[in-house]
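Have the sequence and the 3D view open side by side. This briefing goes through helix contacts, then sheets, then a helix start and end.

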Amino acid sequence: MTLPNPERSQKIVCLCTQMEGGGAQGAAVRMARYLREKGYAAEVWFLYQKRPTYIDEPNTYTFLAHPFESIAQRIKTIYRLFAKLKNEKPQVVYAFGRTIAPLGMTLALLAGIKPRVATQRNQPASIPKGLRFADLLCGMFGVYTDNICVSHDVFSAFKHYPACYKKKLRVVENGIEPLMPTKNRHTTRELLGLPTDAPLIVSVGRLAQQKNHAFLISLMKELPEPIHLAIAGDGELRDTLLNQVMDENLGDRVHLLGEISSQNIANFIAAGDVFAFPSRHEAFGFAVVEALSIGQTVITSDISVLKDIIKDNGYCLPLAQPQLWVQTLQNILLGTEHNKQEFAEKARTRAQYFSLERMMQGYLNPLTH
């Protein structure tokens with residue numbers, strides 16, 4: 001794929017609403033890194049900092065060092081974003097998230113910037129009505145010059161939208177660089193305060209209803225005592241989940257580790273014996289692909305987007321059958337029939353399909369036409 005000469009290209013900006021360890025933020029940071037490696041001036045701009053996940057990441061800019069505390073702060077931050085867009089006039093602006101897409105692309109239009117690329121990272125039904133309506137208007141009336149769905153599952157969710165919205169809509173599946181653990185599992189477990197010899201379930205994700213960590217914790221009551229669960233992530237449900245752990249007397253077997261840096265997430269996933277991901281809904285599932293790329297055995301909920309990612313390279317189970325989860329986890333962790341090496345080879349092969357290079361070919365389309 002031929003890209004424009006970076007020496008003659010202006011800045012490329014990836015916009016995100018908040019800095020934290022979410023899939024949208026990870027995609028924006030990976031994209032900016034890729035572009036800089038190719039010689040482009042690429043930056044990630046966050047409206048505000050929710051957690052300091054990328055505080056040390058080069059070429060990032062945060063307008064507010066904490067979440068919004070007043071309407072005045074929101075207005076001031078929006079104005080600062082508009083002023084920065086107008087003054088720096090990036091060659092192209094990408095929006096990563098349901099809030100920043102209509103807001104950021106409208107400001108980019110007013111600043112005279114084109115192309116303006118929105119990314120659809122959620123099914124419309126999961127988006128608040130006000131944001132959904134704003135996104136509809138932006139898609140219908142040309143505020144978005146390009147509108148990318150991160151999976152075929154998301155794309156199909158727009159089938160009832162007006163034709164004037166769908167004409168800009170296309171699919172570019174998310175991609176990652178394969179994760180490479182830098183420490184052995186024993187060392188990682190020691191550093192994280194995890195048992196070094198116990199069968200270990202690991203999970204990654206924001207502590208939110210969508211990610212359904214309460215389901216995993218509830219399974220631990222039914223799983224034999226040698227088995228431990230470690231969850232990496234932070235969020236609004238942290239106190240609720242801690243209370244659940246205490247109420248069910250699982251404090252010595254369930255470990256809520258908080259947010260783990262992107263540099264160490266590969267070590268954490270590789271330190272487990274199985275990766276569990278019981279999400280209620282997903283637009284894609286970055287963490288699942290990352291686990292596959294390491295060669296980890298993966299068990300997820302049976303929502304369509306995860307089934308499409310995993311195919312026959314893991315286990316997709318219905319949330320309505322917790323006993324099936326218990327039985328499957330026991331077979332993997334304590335049984336003799338599960339061939340971990342065979343699963344590892346298949347998982348790595350499957351993850352190669354979701355390459356960052358393949359994703360970038362789709363995202364860079366506005367720069368090459």
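In this predicted model, helix α11 meets helix α14 through two sets of side-by-side residues: V289, L292, S293 and I294 in α11 meet A347, R348, R350 and A351 in α14. By class, that contact holds five nonpolar, one polar and two charged residues.

**Helix α11 with helix α14**

- Helix α11 covers residues 286-294, and helix α14 covers residues 340-351.
- Their axes lie 6 Å apart, and the packing angle is about 125°.
- Angles over 145 degrees would count as roughly antiparallel, and 65 to 115 as roughly perpendicular. The angle here falls in neither range, so α11 and α14 are oblique to each other.
- The crossing of these two helices is left-handed.

**Helix α8 with helix α9**

- Helix α8 spans residues 213-220, and helix α9 spans residues 238-247.
- They pack at an angle of about 10°, with axes 10 Å apart.
- Angles under 35 degrees count as roughly parallel, and α8 and α9 are therefore roughly parallel to each other.
- Which residues meet here? From α8 come H213, A214, I217 and S218; from α9 come L241, Q244 and V245.
- Sorted by class, the residues of this contact are four nonpolar, three polar and no charged.

**The six-stranded sheet**

- Six strands form an open sheet, and their pairing is parallel.
- The strand order is β10-β9-β8-β11-β12-β13.
- Which strands sit at the edges? They are β10 (254-258) and β13 (315-317), and each pairs on one side only.
- From one strand to the next, the twist averages 20°.
- Strand β8 (residues 200-204) and strand β9 (residues 228-232) run parallel and are joined by five bridges.
- To see one such pair, look at S203: its bridge partner in β9 is I231.
- Helix α8 lies across β8, β9, β10 and β11 (274-277). It runs at about 165° to β9.
- Helix α11 also packs on this sheet, touching β8, β11 and β12 (298-301). Its direction makes about 170° with that of β11.

**The seven-stranded sheet**

- Seven strands form another open sheet, again with parallel pairing.
- Read across, the order is β3-β2-β1-β4-β5-β6-β7.
- The edge strands are β3 (60-64) and β7 (169-171); each of them pairs on one side only.
- Neighbouring strands are turned by 25° against each other on average, direction ignored.
- How many bridges join β6 to β7? Three bridges link strand β6 (residues 146-149) to β7, and the two run parallel.
- C149 stands opposite V171 in β7.
- Helix α1 (residues 23-37) packs on this sheet and touches β1 (12-19), β2 (42-49) and β4 (92-96). Its direction makes about 155° with that of β2.
- Helix α2 (residues 71-88) lies across β1, β2, β3 and β4. It runs at about 145° to β3.

**Both ends of helix α7**

- Helix α7 covers residues 185-192.
- At its start, a side-chain oxygen of N184 reaches to within 3.2 Å of the backbone nitrogen of H186.
- What comes just after α7? There, G193 takes a positive phi of about 75°.

Note on methods. Residues are numbered from 1 along each chain as its sequence is written. This is a predicted model: local features need pLDDT of at least 70, side-chain atom pairs count only at pLDDT 80 or more; totals for chains, interfaces and linings use all residues. Side-chain values use heavy atoms; hydrogens and water are left out. A polar contact is a pair of N or O atoms within 3.5 Å; within protein, one must be able to donate a hydrogen and the other to accept it, and residues adjacent in sequence count only if both atoms are side-chain atoms. Helices (H or I, at least four residues) and strands (E, at least two) are DSSP runs, numbered from the N terminus. Axes are lines fitted to C-alpha atoms, for helices over the stretch in contact, and angles run from 0 to 180 degrees between N-to-C directions. Contact means heavy atoms within 4.5 Å. Ala, Val, Leu, Ile, Met, Phe, Trp, Tyr, Cys and Pro count as nonpolar, Asp, Glu, Lys and Arg as charged, and the others, Gly among them, as polar. A crossing is left-handed if the near helix is turned anticlockwise from the far one by less than a right angle, and right-handed if clockwise. Two strands pair if DSSP finds at least two bridges between them.
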